[in-house]
Amino acid sequence: MPAVDLSSHPGHLARRLQQAHHLLWNAMVSEETTSPQFAVLNTLVADPGLDQRTVGERVGLDRSTIAEVISRLDRRGLLHKVRDPRDGRRFLLRVTDEGLRTHRKVSLRAARMNQVFLAPLAPEEQTAFLQLLRRVADAAEELRSPRPVDRAATDKDGDW
């Protein structure tokens with residue numbers, strides 16, 4: 001079988017896009033506050049007092065990843081956990097004053113970075129690109145709990 005054209009493989013392109021985003025983020029935004037950490041802070045600035053599970057769902061992070069992100073933000077003093085008075089088993093999350101300062105600073109830098117990141121596209125292409133990315137990302141959320149796949153039906157040779 002000949003080599004395939006990876007420029008037509010969405011996963012390959014998504015990985016390249018993520019690498020470019022990571023490099024730009026570290027160069028233009030922050031080396032200490034990661035993009036997922038910013039997403040958590042941003043979610044809590046918009047809606048203070050959410051629990052860890054809800055924040056994870058909103059930013060698209062699995063349970064173990066959101067736990068680690070929350071732990072790092074807590075250790076840095078950017079958020080604090082308060083036991084839920086209605087359910088003592090869970091904690092509600094709030095951004096600290098230092099977390100608000102970090103959020104403000106990172107928000108401004110991220111906005112500039114996004115301009116650079118999307119600069120190869122005309123304004124209307126940027127809008128369309130973001131709409132398409134959002135649609136694919138939203139659909140991909142369903143893949144987190146996939147239904148069983150009949151592999152034999154997906155490939156007549158039985159190979160992947």
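Two strands count as paired when DSSP finds at least two bridges between them. Keep that in mind for the hairpin. What you see here is a predicted model.

Start with the strands. E1 covers residues 79–84, and E2 covers residues 87–95. They pair in the antiparallel sense, over six bridges. Six bridges satisfy the definition I opened with. How many residues join E1 to E2 in the hairpin? Two. Now two bridge partners. Asp-84 has Asp-87 as its partner in E2. Lys-81 has Leu-93 as its partner in E2. One general point on strands. When a strand is regular, its side chains alternate between the two faces of the sheet.

Now step back to the whole chain. There are seven helices and two strands. What order do the elements take from the N terminus on? They run α-α-α-α-β-β-α-α-α.

Next, overall dimensions. The radius of gyration is 19 Å. For a compact globule of 160 residues, the expected value would be near 15 Å. Along the principal axes, the C-alpha trace spans about 60 × 40 × 25 Å.

On to burial and surface. Of the 160 residues in the chain, 24% are buried. The accessible surface comes to about 11600 Å². Carbon and sulfur atoms hold 54% of that surface.

Contacts next. Take contacts between residues at least 6 apart in sequence. Of these, 50% join residues at least 24 apart.

And charges. The protein chain has 25 positive and 22 negative charges. The mean positions of these two sets are 6 Å apart.

Three residues to finish, each in a helix.

First up, Gly-56. Gly-56 sits in helix H3, residues 52–59. Is Gly-56 buried or exposed? Gly-56 is buried, because its relative accessible area is 2% and the cut-off for buried is under 20%. What does Gly-56 touch, leaving aside neighbours within four places in sequence? Leu-61 and Ile-66. For a distance, take Ala-39, which is 17 residues from Gly-56 along the chain. The two C-alpha atoms are separated by 9.6 Å.

Next, Arg-75. Arg-75 belongs to helix H4, residues 63–75. Its relative accessible area is 60%, and the cut-off for exposed is over 50%, so Arg-75 counts as exposed.

Last, Pro-123. Helix H6 covers residues 123–140, and Pro-123 lies in it. Why does Pro-123 count as exposed? Because its relative accessibility is 59%, and exposed means over 50%.

How far apart in space are Arg-75 and Pro-123? The answer is 40 Å, C-alpha to C-alpha, with their positions 48 residues apart in sequence. Pro-123 and Arg-58 are 65 residues apart along the chain. Their C-alpha atoms are separated by 27 Å.

To recap. The chain has seven helices and two strands. E1 and E2 pair in the antiparallel sense. Gly-56 is buried. Arg-75 is exposed, and Pro-123 is exposed as well.

Technical notes. Residues numbered from 1 in each chain as written. Predicted model: local features only at pLDDT ≥ 70, side-chain atom pairs only at ≥ 80, totals over all residues. Heavy atoms only, no water. Helix = DSSP H or I, 4+ residues; strand = E, 2+ residues; numbered from the N terminus. Rg over C-alpha atoms; globule rule 2.2 N^0.38 Å. Buried < 20%, exposed > 50% of the residue type's maximum accessible area, 1.4 Å probe, protein only. Contact = heavy atoms within 4.5 Å. Areas by Shrake-Rupley, 256 points an atom, 1.4 Å probe, with all protein chains shown as cover. Lys, Arg positive; Asp, Glu negative; His and termini not counted. Charge placed at Lys NZ, Arg CZ, Asp CG, Glu CD.
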